[in-house]
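Hi everyone, thanks for making time. I'd like to walk you through a structure that's new to most of you, so let me put it up on the screen.

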Amino acid sequence: MSKRIKRGVYLLMATFMASQISVATLATPTVISATETNAYAKIEILKTLIDQAREMDLDVLREETVVWMAYEFLKFADYDEANPEEVEMLFSKFMGYNNKKNIQNGEDAAYWSKNIAEFERAEVVEMLDKAIETLEEVIAGTIVRKAVRPVDWDNISVDRENGNFLNPDGKPIFLYDYFSKAQQEPRSDPYLYNDHIGNVSAPKALSLTRYSSTLDLSPALAGKMTVEENLNALKNRGTPLFNSVYVNETLNSATFYPRKNGATIDPILYTDHDGKPLLYNDMTDNAGFMMLWHSGGAVYPDWLIDKNNNPANSLITKAEGTAGIPKYVGYDIDQPAVQEAWKVLLEDVAEKMQGHASNRLGYILTNEPHWYTDIQIGKFFMVSGISDATLNKFRDYLRREYDDDINKLKDAWAGADNSITQVWGGTAAVENKKGDKTKLVNLADIKSFDDIEFGIPFDGTLIQGTVQHYDWCTFNMERVSDWFSLLNDAILSKDATAGTHIKLFPRIFTDAAGSRDHGMDLEALSRMTTYLGNDATIRKEYVPSMQHQEKDDWQNDYAYYWREVGLIYDLTNSFSPTHKVNVNSEGHAITINTTRDIHMDPEYVRSAYFLSAILGEDANFTWFWPRKGDGSPEATMISDPGRRDTYPGSVINMPQVANEITQTFLDLNAHSVEIAKIQNLDRPLRIFYSETSNIYSSNQINHVYDMYESVNFNGIPIGFATKNIMNDTLADSYPQPFDLTVIYQTPYVTDAEYEAILAFAKAENTVIVDDISLKYNQLGEVRDLAELYAIPSVIRENGIAAMGEAALDVIAAAGNLPAVTFSEGLPKGLIWRVAPAENGDYTVAIVNVSKHTLTFDVTVEDQESFNVVDLLTGQELGKTLTLSPEAVYLLNVGQMAPLVK
């Protein structure tokens with residue numbers, strides 16, 4: 001039976017059912033024998049309710065998305081049922097379905113090849129049942145919802161002052177999509193680009209391979225010009241620098257997208273789920289992003305690197321060109337020729353694309369960058385040795401830091417007690433040869449800066465905590481920051497309005513094994529770019545991090561691992577003087593490489609995305625949507641064995657999860673003004689963050705988190721303070737106010753950091769410090785703290801509990817506790833924020849990240865009589881609330897009357 005005939009049969013059945021069942025009984029519809037028949041019948045019931053709600057002028061965009069999701073996933077189920085061998089092949093590629101010790105309830109690849117279609121259909125039925133029940137209540141008036149504000153994908157703007165994307169009405173809007181949709185498919189496909197799963201334009205990536213392969217670089221080869229001068233000379237003569245892909249695909253981001261009105265385009269190929277032709281506008285310019293891609297196959301243009309062992313015909317030798325390469329960046333960033341080629345490319349594209357909506361979501365400067373140099377991280381993430389360019393740059397760095405005095409360097413590297421006689425030398429470590437002291441060289445043998453060698457990868461077990469290791473890590477951060485500055489500045493020099501951000505790996509900053517040899521200076525990069533960027537992860541299972549370690553006690557207290565998103569968003573949002581747009585360009589709240597939960601509860605989905613939003617996230621591109629419009633997997637899932645394990649158990653098998661992602665954003669956008677206020681609350685309580693202590697101890701980030709966790713469940717937005725933030729505050733160039741800084745177990749700070757703390761305290765700003773902190777400078781020398789301790793605004797306390805209590809006392813004395821509070825004594829796990837609403841009321845957002853059901857009383861400052869209204873339903877709640885694990889509330893607390901009578 002054809003799909004068209006099937007739908008006709010289902011429509012007749014649904015019409016009969018609708019005539020026999022009143023609206024009041026639709027919440028428990030009659031069960032139909034076949035799951036698929038049942039699903040299509042329920043779609044018709046929901047569509048009937050939608051028509052009824054429209055006649056009552058009720059907003060039904062949420063239900064329209066449910067209908068779309070239902071049709072799509074029923075199509076996916078049909079494909080999966082017809083292709084069991086393909087399903088089994090794909091599922092067998094993921095360890096959760098192919099390894100006996102990981103398989104749960106017998107659900108291996110063979111099981112899913114037989115059952116995935118019925119599973120997806122059953123999920124669709126459950127999704128439809130919930131939507132029917134909800135819309136029935138909306139029609140009956142027992143639920144009152146605020147209308148959704150759809151994203152105007154063509155006309156997104158950016159509020160640089162407050163850090164929000166805006167719709168044309170000037171109100172904040174939260175953007176959603178999938179970072180990777182079915183590759184090689186046309187961007188005109190309405191089943192991949194629409195309001196239901198996102199409509200963001202993602203053009204072909206920028207890379208050095210966009211240069212023409214026939215350019216005359218002989219002047220640069222002869223040393224008569226730099227690469228930049230040579231390329232610009234060609235451009236000025238009218239020589240095209242770039243190939244057709246750059247011109248026709250990378251810059252040409254305009255795309256056909258479905259709209260309610262417009263011309264009909266290809267009615268045979270693109271019809272709606274009822275077989276009617278889809279309607280389109282003319283060519284539009286959707287909000288999108290530009291991606292700088294630095295890895296893959298031939299990342300070097302042919303004229304840049306020596307591939308045939310003939311240095312005279314290349315700008316970079318093969319040895320230099322293959323050293324210092326990390327995962328995701330396929331060349332050595334210290335090569336001047338590479339830097340100059342990128343500079344010319346970015347200046348060209350920024351100038352041409354200025355003002356285009358297709359880069360409104362910013363230039364992503366790099367995908368998941370890191371330059372790990374310590375062998376302990378493992379081969380997958382280490383750089384490939386060290387180039388002469390990097391080593392010479394390191395020597396110059398050391399000359400500058402030690403005033404060109406080699407004896408001064410040797411004194412520092414010998415340690416504060418002169419106990420170190422050997423340092424890391426010029427031979428790189430061999431993997432699995434940790435602790436091999438033969439890789440060390442005698443410090444006494446170093447006579448000049450030119451004698452300094454530093455083999456990569458090194459063995460951190462031998463030098464962690466030394467001045468030599470500190471110098472390398474700070475240098476590595478500086479050189480990487482220089483690289484990003486070059487990319488960032490090249491874009492902004494030609495388009496000052498451009499958004500720039502980096503898809504940062506949050507876990508390299510926030511996870512328990514906090515090595516800092518990765519080269520990424522989080523504060524410097526956050527302050528540098530015009531947006532904040534990341535691919536923050538939330539997960540429900542314990543998994544070893546990529547650094548092979550994780551604090552494993554979180555499962556005792558929490559429903560899911562929220563540490564990463566909490567720390568990275570509060571850190572990066574604190575670092576910049578002004579609020580910045582926050583783009584999670586590869587959201588991993590649903591799937592990560594090591595875990596899948598095909599039975600995921602939609603309530604967790606809402607909780608994870610809602611928490612991310614109140615912590616500051618403005619856009620999330622979920623990983624990922626690898627099905628084509630006909631339901632089949634994208635071609636690379638079949639052709640590329642390395643990608644197959646990403647497919648099984650992903651969003652594409654979970655209709656309720658996919659629907660809940662969109663439903664959460666629809667609710668966020670209905671209440672976007674309130675959510676934006678919560679995002680931009682002041683952070684009166686700050687925790688001092690020192691990269692110096694993080695370099696000296698890989699456990700430092702755990703001390704930071706312990707203090708952060710201890711004060712995080714009091715309704716107070718938590719911030720972080722650094723030397724730069726303190727100095728900017730004193731100079732009136734950091735407009736975000738805060739009452740105090742807590743310095744907890746931060747033993748190493750540079751002299752410059754200490755001077756900033758001292759000046760901050762002398763200006764009568766409160767500092768709470770323990771006896772462990774600030775004891776040593778960057779050379780490990782003991783510091784006299786008497787001057788700091790003598791300042792009246794400095795409070796000395798020890799231990800998390802005592803320091804947290806002292807901090808809350810200071811916040812209370814300053815009048816900065818939240819106006820809405822909850823009963824004391826709750827177990828940790830209730831994250832909540834309070835923002836002023838209209839007429840003296842308050843908006844309260846609450847997420848229960850604990851593994852406990854929590855019951856608590858609500859009190860309001862200076863108000864004995866008040867209402868608690870659920871903004872998502874319009875219903876009045878009592879002053880005693882109960883939240884199950886992962887539950888979310890968005891409330892109005894005050895005098896507003898309930899919307900449900």
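Let's start with a pair of helices: helix 8, residues 227-236, packs against helix 11, residues 336-353, at an angle of about 35°, and their axes are 8 Å apart. Oh, and before I forget, this is a predicted model. So who touches whom here? From helix 8 we have V227, E228, L231, N232 and K235, and they meet A337, E340, A341, K343, V344, D348 and E351 of helix 11. If you sort the residues of that contact, you get six charged, five nonpolar and one polar.

Okay, on to another helix pair. Here we look at helix 19, residues 602-614, and helix 21, residues 655-670; their axes come within 9 Å and cross at roughly 35°. The crossing of helix 19 with helix 21 is right-handed. On the helix 19 side, the contact uses P602, V605, R606, Y609, F610 and A613. Helix 21 brings in a list of its own, including V657, I661, F665 and L668, along with E660 and D667. How do the residues of this contact divide? We get nine nonpolar, three polar and three charged.

Now for the sheet. Strands in a sheet pair through backbone hydrogen bonds, and that can be parallel or antiparallel. This one is an open sheet of five strands with parallel pairing, and the order is 15-14-16-17-18. Which strands stand at the edges? Those are strand 15, at 718-721, and strand 18, at 794-796; each has a single partner strand, so one side of each has no neighbour in the sheet. On average, neighbouring strands of this sheet are turned by 30° against each other, ignoring direction.

Zooming in on one pairing: strand 14, residues 685-688, runs parallel to strand 15, and four bridges join the two. As an example, R686 has G719 of strand 15 as its bridge partner. Lying across strand 14, strand 15 and strand 16 (740-743) is helix 24, residues 700-711, and helix 24 runs at about 145° to strand 15.

Last topic: empty space. How many cavities of 30 Å³ or more does the structure hold? There are five. The largest has a volume of about 80 Å³. Its lining includes D570, I614, L615, G616, I678 and R833, and also P717 and I718. I718 takes us back to strand 15, which spans 718-721. Overall, that lining divides into six nonpolar, three charged and two polar residues.

That's my tour, so over to you.

Conventions: Residues are numbered from 1 along each chain as its sequence is written. This is a predicted model: local features need pLDDT of at least 70, side-chain atom pairs count only at pLDDT 80 or more; totals for chains, interfaces and linings use all residues. Side-chain values use heavy atoms; hydrogens and water are left out. Axes are lines fitted to C-alpha atoms, for helices over the stretch in contact, and angles run from 0 to 180 degrees between N-to-C directions. A crossing is left-handed if the near helix is turned anticlockwise from the far one by less than a right angle, and right-handed if clockwise. Contact means heavy atoms within 4.5 Å. Ala, Val, Leu, Ile, Met, Phe, Trp, Tyr, Cys and Pro count as nonpolar, Asp, Glu, Lys and Arg as charged, and the others, Gly among them, as polar. On a 1 Å grid over the protein atoms alone, a cavity is a set of points where a 1.4 Å probe fits but cannot get out, and a pocket is an open set with protein on both sides within 12 Å along at least five of seven lines; lining residues have an atom within 4 Å of a point. Grid points are joined across faces, edges and corners, and a volume is the space filled by probe spheres set on the points. Two strands pair if DSSP finds at least two bridges between them.
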